[in-house]
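Trainee: I am new to this structure. Please take one helix and look at it closely, together with what surrounds it.

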Amino acid sequence: MQAQAPDRDDRLPEERDRDDRPSEERDRQAPDGREADRRVHDGRDPEPRPGDDQEPRRGRPRSAAAERSILDAVVGLLEAGEPLAGLSIERIARTAGVGKATIYRRWAGKEELFVDVLREIEPPEPDVSGTGGLDDLRVLLESMRTRGLAQRSSVLLHNVFAQMKSHPKLWTEYQRTVIAPRRVAMLAAVGRAVEAGELRGDTDVELMDDLFLGPMLVRTIHRPEAPLPEDLADRIIGLLLEGLGPRSAAAGPGENAGQG
């Protein structure tokens with residue numbers, strides 16, 4: 001049997017410095033990282049452990065430069081025409097100049113990594129007050145409009161979203177971590193508008209939320225040729241507040257103001 005060539009050492013310099021230290025020192029300062037490396041090189045995804053969602057208090061802090069290199073590597077590969085299905089963790093690590101363990105310490109898998117890449121190339125999330133009703137609702141609708149414009153003008157965004165729908169795990173992760181929180185924020189804004197007396201309180205909040213969301217979703221997703229003017233959010237809110245019934249003529253003396 002032909003001997004297998006040794007793996008290329010694609011670790012960052014600081015990772016090589018850490019791993020070249022005496023084993024006793026590595027065991028004291030980075031047992032979790034060492035175990036993650038062993039699981040990754042064995043071909044197994046690192047399993048979550050209690051406290052994984054918190055930064056460790058000791059040991060080497062996460063490298064912002066490494067994270068930037070990984071995200072840039074994925075964007076570069078996608079811009080070069082690589083399909084999502086063809087991007088492996090090994091390919092991404094090689095392009096970014098890091099080890100696979102460096103990626104797995106930051107993301108559980110490709111789906112989580114790709115969602116963060118989407119956040120990088122999409123317009124940023126809007127800042128809402130968290131106390132306003134219709135004002136916050138207007139900000140959130142405007143954010144949907146700008147994302148729609150971005151998807152129309154960016155070939156990369158358009159292609160990625162088209163491919164996402166054929167990757168159920170990625171689409172589910174995007175819905176869970178991006179779309180669901182946006183819907184929660186919209187519902188909260190509608191609820192605050194009801195509490196402030198800006199919207200009627202005898203109608204289901206979720207239904208009202210759908211009525212505000214619907215026109216913007218149709219314009220940005222289902223009708224990609226439809227115009228997205230700057231005042232679209234204001235027009236949607238104004239029309240729904242005014243109602244879609246016909247305007248009644250000004251009632252004269254003795255006439256029923258409700259007719260017309």
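**A close look at one helix**

Mentor: The model is a predicted one. Its protein chain holds 12 helices and 0 strands, so a walk from the N terminus reads α-α-α-α-α-α-α-α-α-α-α-α. Of the 260 residues in the chain, 32% count as buried. Among contacts with a separation of 6 or more, 62% join residues that are 24 or more positions apart. The chain exposes about 16,200 Å², and carbon and sulfur atoms supply 52% of that area.

The part to look at is helix α7, residues 110-121. Begin with its length. The helix has 12 residues, and at 1.5 Å a residue it should span 16 Å. Its end C-alpha atoms are 17 Å apart, which agrees with that expectation.

Next, which residues of α7 are buried? They are Glu111, Leu113, Phe114, Val115, Val117 and Leu118. An α-helix has 3.6 residues a turn, so residues three or four places apart point the same way. The cover over the buried residues of α7 includes α4 (64-79), α5 (89-96), α6 (100-104), α9 (155-164) and α10.

Leu113 leads on to the wider packing. In the largest nonpolar core, which has 31 residues, Leu113 is one of those with the most contacts inside it, along with Ile92 and Ile103. The elements giving two or more residues to this core are α4, α5, α6, α7, α9 and α10. The largest share, 7 residues, comes from α4. In soluble globular proteins, nonpolar side chains tend to be buried together.

Ile92 shows how α7 is tied in. Leaving aside residues up to four places away in sequence, Ile92 touches Leu113 and Phe114, and also Ile70, Ala73, Val74, Leu77, Leu87 and Ile103. Apart from this core lies another, of 19 residues, among them Leu213, Met216, Leu232 and Ile237.

One of the elements covering α7 is α10, which runs over residues 168-195 and contains Ala185. Is Ala185 buried or partly exposed? Its relative accessibility is 25%, and because buried means under 20% and exposed over 50%, Ala185 counts as partly exposed. Ala185 and Gly130 are 55 residues apart in sequence, yet their C-alpha atoms are 8.5 Å apart in space.

To return to α7: its buried residues are covered by elements that include α4, α5, α6, α9 and α10, and these elements, with α7, each give two or more residues to the largest nonpolar core.

Technical notes
Residues numbered from 1 in each chain as written. Predicted model: local features only at pLDDT ≥ 70, side-chain atom pairs only at ≥ 80, totals over all residues. Heavy atoms only, no water. Helix = DSSP H or I, 4+ residues; strand = E, 2+ residues; numbered from the N terminus. Buried < 20%, exposed > 50% of the residue type's maximum accessible area, 1.4 Å probe, protein only. Contact = heavy atoms within 4.5 Å. Areas by Shrake-Rupley, 256 points an atom, 1.4 Å probe, with all protein chains shown as cover. Expected span 1.5 Å × (residues − 1). Core = buried A, V, L, I, M, F, W, Y, C linked by side-chain atoms within 4.5 Å.
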